[in-house]
Amino acid sequence: MSAPVKVHVYDLSKGLAGQLSLHLTGKQIDGVWHTSVVAFGKEIFYGPGICETEPGQSHHGSPLRIIDMGETSIDEQTFVEYLSQIKEHYTADKYHLLDFNCNSFTNDCLGFLTGGSLPSYIKDLPSDFLSTPFGAALRPTIDAMFRGRASTGVLTPPPPSDIPMTIDSPNPALASSVLQAVAAGATSNSSGAPSSSRNYLPTPAPTSPPTPIQSSSLTTPVHIATNPSSFHNVLHTHRAVVAFFTSATCGPCRMIEPVFEDLARSKSQANDVAFVKIDLSVGMSNAVGGEYGVRVTPTFILFLDGNKTHEMKGVNAPELRTQVDLLLYQAFPPHPHIALSLPAIEAIPLNAILSSQVPNLDIVLTKVTEFIDAAPSWSGSTTKEATKQILAKNIIPYLKARGSSLPSTISFEPWKDATTSLATNLSAGELFPVADMWRVALLEPAVCGWSATKIGPESPIFVLLSKAEGAPRNYTLTLLKMISNAFANKVIARELLISSRSSITALIVAALLHDDATVRLAAASLAFNMAAHLQRLRVEKVRGNVEGDDVGENEDWDVEMTSALLEVIEREKANEEIVHRLTASLALLIRLSPSIEQLTSLLEVLQAQKILKSKLEKGGCGETGVVKKEARKLIEEVAKKLCP
């Protein structure tokens with residue numbers, strides 16, 4: 001007789017993730033999901049061991065949502081036996097917030113009961129968090145918390161002073177409070193002892209520390225599979241899989257396990273590869289082994305696109321490392337540019353080109369005030385007088401104090417409100433002093449940190465960018481410089497590429513065709529900053545770092561920008577510095593691009609090599625061609641090695 005199976009979903013952050021994640025990480029994370037499986041009239045979850053309660057009666061409260069997972073044909077006694085078999089894996093000391101948690105347990109149970117798995121928005125939450133710069137920075141702190149718990153039995157969240165503070169997330173106290181709330185909810189045993197007398201696996205009292213574990217396997221990204229369904233789910237969701245078949249009584253397995261864990265830690269972060277441990281003595285793992293003919297341990301089987309590619313038995317660490325590298329090479333072949341010697345391109349500094357000159361701020365204020373007073377009508381969230389007060393009493397004093405005694409805490413919200421009102425009531429030609437204020441302000445880390453939390457219409461950068469079309473020279477020039485400064489911040493740069501890529505591209509392309517060389521140079525600087533941001537992320541991805549996962553690639557944009565840059569390089573006959581910056585932008589855009597096949601064909605059709613080489617000849621740029629030695633080397637290298 002079949003029985004229904006459901007999943008209860010809770011938010012361990014109690015709503016804090018949805019409210020604060022964008023500010024802390026630069027990415028919207030709606031919840032820190034905790035799940036439990038509900039079957040046979042019981043709710044079973046993993047935290048302080050495997051626990052059972054009456055449905056909806058755990059210390060997590062009422063579920064935020066309930067997911068219907070269908071029905072199981074397995075009887076209750078068989079499920080009880082299965083839980084007893086996997087209890088040695090799901091102990092309190094092995095819990096890890098990111099790598100081995102309640103969702104790992106729920107997914108395992110679902111595979112056993114129904115052959116299904118959790119939705120991707122729950123399973124992928126750790127990788128979503130770690131893909132942010134702040135998440136990657138916080139990873140060692142979280143690992144230390146749970147390694148400490150394994151040896152002492154006590155989970156100690158770090159104080160704010162131990163939380164990494166970066167320009168991308170400037171509030172360690174806030175991060176610490178969220179982390180403490182999540183960790184406490186995940187592992188708390190207060191009122192979470194099973195409320196039913198029918199308890200599968202009694203939870204140890206919190207005063208009884210668990211036996212220290214000898215392996216750090218649960219602070220590495222190792223999947224645990226205890227039945228065919230959970231293993232097949234891993235195969236279906238990862239291009240490359242390394243399966244480690246082991247058993248509790250296998251001495252050689254314990255010898256090779258640290259090597260397997262090290263490979264999982266170093267290889268899985270930036271690749272779609274999973275490292276799976278299958279203990280043949282646990283649950284239905286022997287069925288997994290039987291499916292692939294595993295008769296001895298340790299056995300390693302490697303899979304590519306779900307198909308077995310290699311099998312090795314015994315303890316041979318060098319061979320295991322070699323086979324894993326070969327699998328990853330087949331699954332994720334290196335970019336063809338990796339093998340090229342590109343000294344001139346590699347020497348390009350990837351720091352953003354900044355516009356740091358500070359104007360006479362009193363004159364700027366006077367100009368804006370005159371424009372405000374001359375406006376025939378006024379609407380918006382701030383009145384004329386309030387807008388002038390914000391400028392005179394808040395923004396200008398702050399900018400004047402740059403580099404000296406900036407206030408430790410200041411609200412930038414009035415700046416946003418004033419900017420929105422100014423953009424609503426003034427023309428683009430009258431807004432250039434406002435854009436100039438923001439250009440200077442974005443040189444300050446505190447302003448960047450605040451700006452990184454504002455997206456769409458909430459962002460002053462977006463508001464000012466929306467006035468770009470058809471704007472006069474002074475506003476276009478100032479806007480280009482302002483956005484160039486914004487690209488010095490990784491989180492703002494990422495958000496601009498997500499939300500405003502097409503608008504910024506249109507601004508750049510139009511400005512590169514401007515009659516004024518100063519405007520063209522500013523546009524070339526912004527194009528370089530965009531390309532340099534992408535290049536940094538691509539390099540990190542090649543190196544296997546988590547940050548590189550968040551590249552934000554767009555093949556159509558690569559093609560559009562490559563075409564535009566080549567057209568403008570060909571047209572530019574007078575200014576050598578513009579040609580230099582545009583060539584650097586082109587090089588960074590092409591190098592390591594995942595769209596290299598399409599770009600190579602495009603470069604050939606557009607005769608990119610001929611265009612670049614012409615800049616070195618008489619009349620190509622100035623009377624004698626490009627003169628600057630550094631620029632000539634770069635142009636020659638891009639033409640010869642990146643263009644067909």
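Visitor: Which charged end sits over the ring of Trp557, and how far is it from the ring's centre?

Guide: The charged end of Arg501 does, at 5.0 Å from the centre of the Trp557 ring. It is described this way because a charge sits over a ring if NZ of Lys or CZ of Arg is within 6 Å of the ring centre and within 35 degrees of the ring normal. Arg65 is placed likewise over the face of Trp33, 4.9 Å from the ring centre. The model is predicted, so local features need pLDDT of at least 70 and side-chain atom pairs count only at pLDDT 80 or more, whereas totals for chains, interfaces and linings use all residues. Residues are numbered from 1 along each chain as its sequence is written, and side-chain values use heavy atoms, with hydrogens and water left out.

Visitor: What makes Trp33 buried, and what is its relative accessible area?

Guide: Its relative accessible area is 7%, and buried means under 20%, exposed over 50% and partly exposed in between (1.4 Å probe, protein chains only). Tyr121, at 34%, therefore counts as partly exposed.

Visitor: Why is the aromatic pair of Trp33 and Tyr121 called stacked or edge-to-face?

Guide: The structure holds 20 aromatic pairs, and the one formed by Trp33 and Tyr121 is edge-to-face, with 6.0 Å from centre to centre and 90° between the planes. Rings of Phe, Tyr and Trp (its six-membered ring) pair if their centres lie within 6.5 Å, and planes under 30 degrees apart count as stacked, over 60 as edge-to-face and the rest as tilted. Because Trp33 lies in strand E2 (residues 33–39) and Tyr121 in helix H4 (residues 120–123), the pair ties together parts that are 88 residues apart in sequence. Such elements are DSSP runs numbered from the N terminus, helices being H or I of at least four residues and strands E of at least two.

Visitor: What is the angle between the planes of Phe79 and Phe112, and what is that pair called?

Guide: The angle is 25° and the centres are 6.4 Å apart, which gives a stacked pair. Phe79 belongs to helix H2 (residues 76–86) and Phe112 to helix H3 (residues 102–113), so this pair ties together parts 33 residues apart in sequence. Phe79 is buried at 0%, and Phe112 is buried at 8%.

Visitor: How do you know that Cys250 and Cys253 are joined by a disulfide?

Guide: Their sulfur atoms are 2.3 Å apart, and a disulfide is a pair of cysteine sulfur atoms within 2.5 Å. A search of the whole structure finds one disulfide; the link of Cys250 and Cys253 is right-handed, with 80° about the S-S bond, and both cysteines are buried.

Visitor: How many bridges pair strand E1 with E2, and in which sense?

Guide: Strand E1 (residues 3–11) and E2 share seven bridges in the antiparallel sense, and two strands pair if DSSP finds at least two bridges between them. Tyr10, for instance, has His34 in E2 as its bridge partner. These strands belong to an open sheet of five strands, ordered E4-E3-E2-E1-E5 with antiparallel pairing.

Visitor: What makes strand E4 and strand E5 the edge strands?

Guide: Strand E4 (49–53) and strand E5 (65–72) each pair on one side only. H3 packs on the sheet, touching E1, E2, strand E3 (42–47), E4 and E5, and its direction makes about 30° with that of E2. Contact means heavy atoms within 4.5 Å; axes are lines fitted to C-alpha atoms, for helices over the stretch in contact, and angles run from 0 to 180 degrees between N-to-C directions.
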